[in-house]
Amino acid sequence: QKTSDLKDGMRKVNLDAIVLTVGATRTVNLKAGGQSEVADIVVGDETGEITLTLWNEEIDKVVVGSRVNIRNGYTNSYQGKIRLNVGRFGSLEVIE
């Protein structure tokens, strides 16, 4: 799939993209209790770009310029923008 194909509510998203920006890591309180680290990463391909939300140890895997392979991700909408998520059943692999 390409970033231009992604729409809100998609499942089983597979995307190869380049990391364009890495946002600041922030700490959030979880509904189930405890805290997690979260960061917004912008990834893109030749068709466009999308925000990818990463959690905890996934954040440290990427730097600007990394080529990433997202498998079995999903999309949702937050503040009117479509976002890509790896989720519990997905995977993020850094190719280079």
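**Exercise 1. Strand 2 and its partner**

Task: Identify the bridge partner of Thr27 in strand 3, and establish in which sense strand 2 and strand 3 pair.

Solution. The model under study is predicted.
- Step 1. Thr27 has Glu37 as its bridge partner in strand 3.
- Step 2. Strand 2, residues 26–29, pairs with strand 3 in the antiparallel sense, over four bridges.
- Step 3. The two strands form a hairpin with five residues between them, and Gly33 there takes a positive phi near 100°.

**Exercise 2. The surroundings of strand 3**

Task: Determine with which other strands strand 3 pairs, and decide whether strand 3 is largely enclosed or not.

Solution.
- Step 1. Strand 1 (residues 13–22) pairs with strand 3 in the antiparallel sense over four bridges. Within this pairing, Ile18 stands opposite Gly44 of strand 3.
- Step 2. Strand 4 (residues 48–55) is also an antiparallel partner of strand 3, here over eight bridges. Gly44 stands opposite Glu49 in strand 4, and a hairpin of two residues joins strand 3 to strand 4.
- Step 3. Gly44 therefore faces Ile18 and also Glu49, while eight of the 11 residues of strand 3 (residues 35–45) are buried, so the strand is largely enclosed by the rest of the structure.

**Exercise 3. The salt bridges of Asp40**

Task: Name the residues that Asp40 meets in salt bridges, and classify Asp40 as buried, partly exposed or exposed.

Solution.
- Step 1. Side chains of opposite charge can pair when their charged atoms come close.
- Step 2. The side chain of Asp40 meets that of Arg26 in a salt bridge, at 3.6 Å from N to O. Asp40 belongs to strand 3 and Arg26 to strand 2, so this pair ties together parts that are 14 residues apart in sequence.
- Step 3. Asp40 and Arg83 also meet through their side chains in a salt bridge, at 2.6 Å from N to O. This pair links distant parts of the chain, with Asp40 in strand 3 and Arg83 in strand 6 (residues 81–85), 43 residues apart.
- Step 4. Through shared partners, salt bridges join Arg26, Asp40 and Arg83 into one network.
- Step 5. Buried means under 20% relative accessible area. Arg83, at 12%, is buried, whereas Asp40, at 22%, is partly exposed. Arg26 is likewise partly exposed, at 38%.

**Exercise 4. A salt bridge between strand 1 and strand 5**

Task: State how many salt bridges the whole structure holds, and describe the one that Arg71 forms with Asp16.

Solution.
- Step 1. A search of the whole structure finds four salt bridges.
- Step 2. In the salt bridge of Arg71 with Asp16, the closest N and O atoms are 3.4 Å apart. The pair links distant parts of the chain, Arg71 in strand 5 (residues 67–78) and Asp16 in strand 1, 55 residues apart.
- Step 3. Arg71 is partly exposed, with a relative accessible area of 30%, and Asp16 is partly exposed at 38%.

**Exercise 5. The nonpolar core**

Task: Find which residues have the most contacts inside the largest nonpolar core, and which element gives the largest share of it.

Solution.
- Step 1. The largest nonpolar core has 18 residues, and those with the most contacts inside it are Ile41, Val43, Leu52, Leu54 and Leu92.
- Step 2. Strand 1, strand 3, strand 4 and strand 5 are the elements that give two or more residues to this core. Strand 1 provides the largest share, four residues.
- Step 3. Beyond its neighbours within four places in sequence, Leu54 is in contact with several residues, among them Val38, Ile41, Ile59, Val86 and Leu92.

Conventions: Residues numbered from 1 in each chain as written. Predicted model: local features only at pLDDT ≥ 70, side-chain atom pairs only at ≥ 80, totals over all residues. Heavy atoms only, no water. Buried < 20%, exposed > 50% of the residue type's maximum accessible area, 1.4 Å probe, protein only. Pairing = 2+ DSSP bridges. Core = buried A, V, L, I, M, F, W, Y, C linked by side-chain atoms within 4.5 Å. Contact = heavy atoms within 4.5 Å.
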